[in-house]
Amino acid sequence: MTASSDEELDAVRRRIDAIDQDLLRLISERARCAQQVAHIKTGIEGGGVQFYRPEREIAVLRRIKDANPGPLDGEEVARLFREIMSACLALERPLNAAFLGPEGTFTQAAAIKHFGHSVVTRAMATIDEIFREVEAGACDFGVVPVENSTEGVVSHTLDLFMSSPLRITGEVSLRIHHHLMSPESDLSTIRTVYSHQQSLAQCRGWLDRYLPHAERVAVGSNADAARTAMNEPGAAAVAGLQAAEIYGLKVLAERIEDDPGNTTRFLVIGKQDSPPSGQDKTSLLLSCRNQAGGLHALLMPLAAHGVSMTRIESRPSRRGIWDYVFFIDIIGHRQDLPVAAALEHLQKESLLFKVLGSYPLAVL
Ligand SMILES: O=C(O)C(=O)C[C@]1(C(=O)O)C=C[C@@H](O)C=C1
């Protein structure tokens with residue numbers, strides 16, 4: 001480097017240092033504002049105060065994305081502000097979220113993507129346990145997988161909503177990359193591959209091609225698989241990068257999923273209702289009379305009020321062989337006028353009618 005480029009570099013770094021000072025001062029000022037907000041909320045609402053406000057957080061993130069002048073990408077900038085708000089909320093009151101453990105699962109990654117790194121994540125052994133902890137008030141929120149783009153819906157999660165009083169307060173989509181990891185260094189020594197049954201299915205093509213003779217063993221979660229493989233010669237796990245880091249495994253092959261667009265959708269569950277944010281979604285649980293045209297009659301009110309449906313899943317209700325329930329997602333908040341009118345109409349057509357929740361469309 002020449003003397004003049006050295007000077008130029010020093011000068012830009014001095015500017016960066018000065019900007020960091022300004023950022024630090026502004027972030028601290030913002031954090032003090034959050035403390036004031038907490039003080040005001042406690043004054044207004046008393047004991048049952050809700051510090052976490054998803055509709056406000058989403059409004060902040062949308063505004064930041066819209067106002068972003070670049071050169072950083074909108075999503076990148078939103079992630080930075082996601083973390084600032086997460087830290088500010090933790091100052092008001094630390095939030096905790098139950099996820100499908102152990103440490104290092106994609107569900108934990110989804111919880112952190114949604115709430116930011118200041119959330120305290122608590123590992124649960126089963127999806128049932130997540131529901132129970134949140135219902136009992138031991139955790140503020142829970143994060144559960146609901147649908148994978150290659151393997152379809154996680155039916156157990158949907159079934160739990162039939163009997164749970166919990167609401168859906170948000171959704172998170174996560175791009176899923178699977179890696180083959182092992183204490184071994186050589187692919188040719190792998191005799192057993194552990195993973196969650198869905199992940200094994202998502203990597204079927206790669207495993208057929210590169211490890212056709214290895215036994216595939218389904219376990220409770222990808223992180224469980226990594227933990228098991230850690231102590232077993234000749235074993236490997238299919239899991240996310242975080243699991244390799246946590247359990248000290250070598251990554252033998254990266255991104256082995258058959259579908260590169262592999263995405264899993266998670267739901268955030270809690271007791272809190274999310275007020276309208278302007279761009280929301282509503283999830284419903286419905287059941288109709290078991291007669292010709294029953295489903296058609298059920299969906300008519302949506303069309304009549306111009307409400308768009310984005311998803312419909314049917315599940316046996318377990319009350320009788322021919323009795324089905326439908327999980328339906330529509331665009332809009334339950335308090336938006338067309339949605340409210342459609343829901344009133346729908347309720348009259350349904351045997352079972354439950355609004356699982358209205359929540360903001362995710363920005364990240
Ligand atoms: O606006 C509020 O209600 C706040 O508590 C502040 C704040 C923020 O940092 O912007 C923090 C937590 C809430 O979930 C929403 C926003």
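Which element gives the largest share of the shell around the ligand? I looked this up and found α3, with 4 residues.

**Ground rules.** I am working with a predicted model, where local features need pLDDT of at least 70, side-chain atom pairs count only at pLDDT 80 or more, and totals for chains, interfaces and linings use all residues. Residues are numbered from 1 along each chain as its sequence is written, and side-chain values use heavy atoms, with hydrogens and water left out.

**Ligand shell.** I listed the residues around the ligand, counting a residue as near if one of its heavy atoms lies within 4 Å. They are R30, V37, K41, F51, Y52, R53, R56, E57, M85, C88, L89 and E92. By class I get 6 nonpolar, no polar and 6 charged. Here Ala, Val, Leu, Ile, Met, Phe, Trp, Tyr, Cys and Pro count as nonpolar, Asp, Glu, Lys and Arg as charged, and the others, Gly among them, as polar.

**Polar contacts.** I looked for N or O pairs within 3.5 Å. A ligand oxygen is 2.5 Å from a side-chain N or O atom of E92. For the side chain of K41 the distance from a ligand oxygen to an N or O atom is 2.8 Å. At R53 the partner is a polar backbone atom, 2.9 Å from an oxygen of the ligand. The protein covers 91% of the 360 Å² of accessible area that the ligand has on its own (Shrake-Rupley method, 1.4 Å probe). The elements that give two or more residues to the shell are α1 (3–45), α2 (54–67) and α3 (74–92); helices are DSSP runs of H or I with at least four residues, strands are E runs of at least two, and both are numbered from the N terminus.

**Backbone.** I noted a cis peptide bond from G70 to P71, with omega near 10°; P71 sits in the loop between α2 and α3. The bond from G101 to P102 is also cis, with omega near 0°, and P102 is in the loop between β1 (96–100) and α4 (106–115). R255 is not a glycine but has a positive phi of about 45°. I place R255 in the loop between β10 (250–253) and β11 (263–270). R255 is exposed, with a relative accessible area of 53% (exposed means over 50%, with a 1.4 Å probe and protein chains only).

Definitions and conventions:
Polar contact = N/O pair within 3.5 Å; in protein donor to acceptor, adjacent residues only side chain to side chain. Buried < 20%, exposed > 50% of the residue type's maximum accessible area, 1.4 Å probe, protein only.
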